[in-house]
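Take a moment to load the sequence and the model side by side. We will walk through the two together, one region at a time.

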Amino acid sequence: MTADLGEAPTVPSLDVRGLAYAYPDGTQALYGVDLTIDRGERVALLGPNGAGKTTLVLHLNGILHGGLGEVRVGGLAVDPKDKRTLREIRRRVGIVFQDPDDQLFMPTVREDVAFGPANLGIRGAELDLRVRDALDRVGMLAVADRPPQHLSFGQRRRVAVATVLAMEPEILVLDEPSSNLDPASRRELAEILLSLDVTVLMVTHDLPYAAELCPRSVILSGGVIAADASTRDVLMDGDLLTSHRLELPFGFDPAATAR
Amino acid sequence: MGAGHAAGAAHRLYVPGASPVHRLPPQCKLVAVLAFVLLVVATPRERFWAFGVYALLLAAVAATARIPFGTVARRVVIEVPFVAFAFLMPFVASGEKVTVLGLELSENGLWGAWNILAKGTLGVVTSILLAATTEPRLLLLGIDRLRMPQLLTQIATFMLRYGDVVAAELGRMKVARASRGFEGRDLRATRVLAKSIGALFLRSYERGERVHLAMLSRGYDGRMPVVHDVSATAAQWTAAAALPLAAAFVTLAAWTMP
């Protein structure tokens, strides 16, 4: 797995320091973000629309760069100029995008899951094993030979998670994983995410989902980290939520979620 | 849908089967089809019998592949616009005239029409047989295998994958328009339709950007990894060569016979 670097528990999975970024048109999206996520943690990244969540996520694997600050993944610094490091960074950071149709573009599920590891140079029996293992972990092995567009939305989201798991990432980044899912698919995905032994950063507006899956939450608002605490404490602080345009759904009581 | 795996994986033109023709590697079939069509085109139009033999050869392929005659016949309809053009030729072409049923027809035009009709139909039937026995994605693998530029095969792969997605989006836009009382009756509707097409183009373009982003995130560097190779054995190449070889004899005979 990640034997080359960072087996010591002291190296965090993700270490973001002083990250600032302005888009080429001058819109400043991030104003100095600091965030450390230890190995095995599950963290929810909360924040209103336009808070810079997506901008932050796209910095984690070097797709956006050029601002100030530093991102380290498992101790390895993201350096967009160094192509070899960048490839390793993209293996370590597995991003599951919001729309599975954006992520699943190959003619069959099997080929799609193989796309990532094959880009890393894995071939033959080991590739098959990776694909089967990843699909098995999300319970989608039975649909391996079907075209993605013929699966249900929930199935496609699970396959999208598998495409990233097949790369054996250091940290799994999910963008709005519960969006557009029916309650059963939503629960199934939660069970799958809880069963994975991997560091998770979950970007979401779905506060109950954050409470269910992530012991820790950070609020990104106005391009800075505005809060970083246990999810229960964050959700219990009504004033904090209101000031960052976050709202609990009707009838949801965070005090009842004590685990 | 709900018709299970077979219906899910199949494409409209593909007729599932396990015949020897189905099982041939795609690149062999592609080369065979190309060679056959070139030979047909190279045959002098005066040799009626040669085109008959070509048709028999194709019928033999269809029989081996167990593609029903009716399926092929129905799909030949696609060439109707070209046939219409061919029927026009005897009336508009110049040169010596012959009188058929009281109509003054150009002899050159008649030959031209026959030429288009015979060669076009044979070409169309050949393509239909190829599409009916080869899954589209295998076809793309075959093209890739024949060293076509990867950029082209990648574009074709994405068309295959996202054709349905874009069509579904178009369908949703249509429903949304109709739900607000829109009826595409007269010329004024074109303005609305043109705007819909524009919006669809923008959405598809944006989706393209998002797909590219998702690909980069999984280590894409401009080349598609070759995951499963569709290699062909010498025996398979020989089997695929049967059709163009037989056709080559016919072409040769057509040229050399007095």
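Start at A:L201 and look at what surrounds it. Leaving aside residues up to four places away in sequence, A:L201 touches A:L14, A:I37, A:V43, A:L45, A:I171 and A:V173. Keep in mind as you look that this is a predicted model.

Now widen the view from that one leucine. A:L201 belongs to the largest nonpolar core, which has 77 residues. Which members of this core touch the most others? They are A:L45, A:A162, A:V173, A:L201, A:M202 and A:A210, so two of the contacts of A:L201, A:L45 and A:V173, appear in this group as well. The element that gives the most to the core is helix α6 of chain A, residues 153–165, with 6 residues. A second core, separate from this one, holds 28 residues, and among them are B:Y54, B:I128, B:L130 and B:A254.

Those names bring us to chain B. An unreviewed UniProt entry places the feature "transmembrane region" at residues 48–69, 76–93, 113–132 and 234–255 of this chain. How much helix does the model show over two of these stretches? Residues 48–69 of chain B are 86% helix and 0% strand, with the end C-alpha atoms 22 Å apart. Residues 234–255 of chain B are 100% helix and 0% strand, and there the end C-alpha atoms are 30 Å apart.

Stepping back, chain B is divided into domain 1 (9–143 + 231–256) and domain 2 (150–217). The C-alpha centres of these two domains of chain B lie 34 Å apart. Their contact takes 4 residues from domain 1 and 4 residues from domain 2. On the domain 1 side, the touching residues divide into 3 nonpolar, no polar and 1 charged.

Finally, two backbone details are worth a look. Most residues other than glycine have a negative phi. B:R66, which is not a glycine, has a positive phi of about 55 degrees, and it is found in the loop between α4 (48–65) and α5 (69–75) of chain B. Is B:R66 buried, exposed or partly exposed? B:R66 counts as partly exposed because 15 other C-beta atoms lie within 10 Å, while a buried residue would need 20 or more.

A:E168 is also a residue other than glycine with a positive phi, near 50 degrees. Its place is the loop between α6 and β7 (171–175) of chain A. A:E168 has 18 C-beta neighbours inside 10 Å, so it too counts as partly exposed.

Key:
Residues are numbered from 1 along each chain as its sequence is written. Chains are lettered from A and ligands numbered from 1 in the order in which they are written. This is a predicted model: local features need pLDDT of at least 70, side-chain atom pairs count only at pLDDT 80 or more; totals for chains, interfaces and linings use all residues. A nonpolar core is a set of buried Ala, Val, Leu, Ile, Met, Phe, Trp, Tyr and Cys residues joined through C-beta atoms within 7 Å. A residue is buried if 20 or more other C-beta atoms lie within 10 Å of its own, exposed if 12 or fewer, and partly exposed in between; C-beta atoms are placed from the backbone. Helices (H or I, at least four residues) and strands (E, at least two) are DSSP runs, numbered from the N terminus. Two residues are in contact if their C-beta atoms, placed from the backbone, lie within 7 Å. UniProt positions are given in the numbering used here, feature names are shortened, and annotations may be inferred rather than shown by experiment. Domain bounds come from an automatic or database domain assignment. Ala, Val, Leu, Ile, Met, Phe, Trp, Tyr, Cys and Pro count as nonpolar, Asp, Glu, Lys and Arg as charged, and the others, Gly among them, as polar.
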